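This report describes the fold of one protein for a reader who is new to structural biology. Please keep the sequence and the three-dimensional view at hand while reading.

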Amino acid sequence: MSMKETLVKFLAEKVTPYLQMHGGDVEFVDVVDNCVSIRLKGACQDCSAAQITVETVIKEAIVSRFLEIEKVMIEPSDDSLELIKIARDILSGGTGGIINNHKD
């Protein structure tokens with residue numbers, strides 16, 4: 001079993017049940033150069049304590065099982081990426097997908 005497969009299985013068995021008790025979930029994204037990328041889902045993705053959860057629960061669990069892993073990073077959710085795209089468009093003078101019906 002590859003490291004990626006082992007990480008996915010580990011998250012599903014050891015981390016996901018804890019997060020689901022709080023209305024959240026975690027999705028494995030990738031592992032590169034001793035760094036695991038994850039995406040928080042459900043209640044966890046908008047939670048103000050998400051970074052604390054990653055540091056104290058998820059990273060702790062992963063690092064204690066996979067000694068070669070040094071860092072755990074949160075990737076933005078698909079919803080967050082869409083909002084970032086809209087904000088960039090607005091800031092660059094576009095409409096961000098918002099139709100302006102105001103007539104001067």
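## Overview

Of the 104 residues of the protein, 27% count as buried. The model is a predicted one. Its secondary structure comes to 3 helices and 3 strands, and these follow the pattern α-β-β-α-β-α when read along the sequence.

How much of the contact network joins residues far apart in the sequence? Among the contacts with a separation of 6 or more, 48% are between residues 24 or more positions apart.

## The sheet

The strands form an open sheet of 3 strands in the order S1-S2-S3, with mixed pairing. Strand S1 (24-32) and strand S3 (71-74) are the edge strands, each of which pairs on one side only. From one strand to the next, the twist averages 30°.

The mixed pairing can be followed strand by strand. S1 and S2 pair in the antiparallel sense, over 8 bridges; within this pairing, Val26 has Leu40 in S2 as its bridge partner. Strand S2 (residues 35-42) and S3, by contrast, run parallel and are joined by 4 bridges. Cys35 stands opposite Lys71 in S3, and Ser37 stands opposite Met73 in S3. S2 is also mostly covered, with 6 of its 8 residues buried.

## The turn between S1 and S2

S1 and S2 form a hairpin with 2 residues between the strands. Asp33 lies in this loop between S1 and S2, and so does Asn34. The phi of Asp33 is near 50°, a positive value in a residue other than glycine. Asn34 also has a positive phi, of about 65°, although it is not a glycine.

Are these loop residues buried or exposed? Asp33 has a relative accessible area of 72%, and because this is over 50%, Asp33 is exposed. Asn34, at 33% relative accessibility, counts as partly exposed.

## The helices against the sheet

Helix H1 (residues 3-20) lies across S1 and S2 and runs at about 160° to S1. Helix H2 (residues 50-65) lies across S1, S2 and S3, and its direction is at about 140° to S3.

The length of H1 can be checked by a short calculation. At 1.5 Å a residue, its 18 residues should span 26 Å, and the end C-alpha atoms are 24 Å apart, which agrees. H1 is nevertheless not straight throughout, as it bends by about 40° at Ala12.

Which residues of H1 are buried? They are Thr6, Leu7, Phe10, Leu11, Val15, Thr16 and Leu19. An α-helix has 3.6 residues a turn, so residues three or four places apart point the same way. The buried residues of H1 pack against S1, S2 and H2.

## The nonpolar core

In soluble globular proteins, nonpolar side chains tend to be buried together. In this model, the largest nonpolar core has 19 residues. Those with the most contacts inside it are Leu11, Val26, Val36, Ile38, Leu40, Ile58 and Ile62. The elements that give two or more residues to this core are H1, S1, S2 and H2. The largest share, 5 residues, comes from H1.

## A closer view of Val31

Val31 lies in strand S1. Its relative accessibility is 15%, and because this is under 20%, Val31 counts as buried.

Which residues does Val31 touch, leaving aside its neighbours within four places in sequence? Val31 is in contact with Met3, Lys4, Leu7, Val36 and Ile69. Of these partners, Leu7 is one of the buried residues of H1, while Val36 is among the core residues with the most contacts. Val31 and Met73 are 42 residues apart in sequence, and their C-alpha atoms are 9.8 Å apart in space.

Methods
Residues are numbered from 1 along each chain as its sequence is written. This is a predicted model: local features need pLDDT of at least 70, side-chain atom pairs count only at pLDDT 80 or more; totals for chains, interfaces and linings use all residues. Side-chain values use heavy atoms; hydrogens and water are left out. Two strands pair if DSSP finds at least two bridges between them. Axes are lines fitted to C-alpha atoms, for helices over the stretch in contact, and angles run from 0 to 180 degrees between N-to-C directions. Contact means heavy atoms within 4.5 Å. The expected span of a helix is 1.5 Å times one less than its number of residues. The bend at a residue is the angle between axes fitted to the seven residues ending there and the seven starting there. Buried means under 20% relative accessible area, exposed over 50%, partly exposed in between (1.4 Å probe, protein chains only). A nonpolar core is a set of buried Ala, Val, Leu, Ile, Met, Phe, Trp, Tyr and Cys residues joined through side-chain atoms within 4.5 Å.
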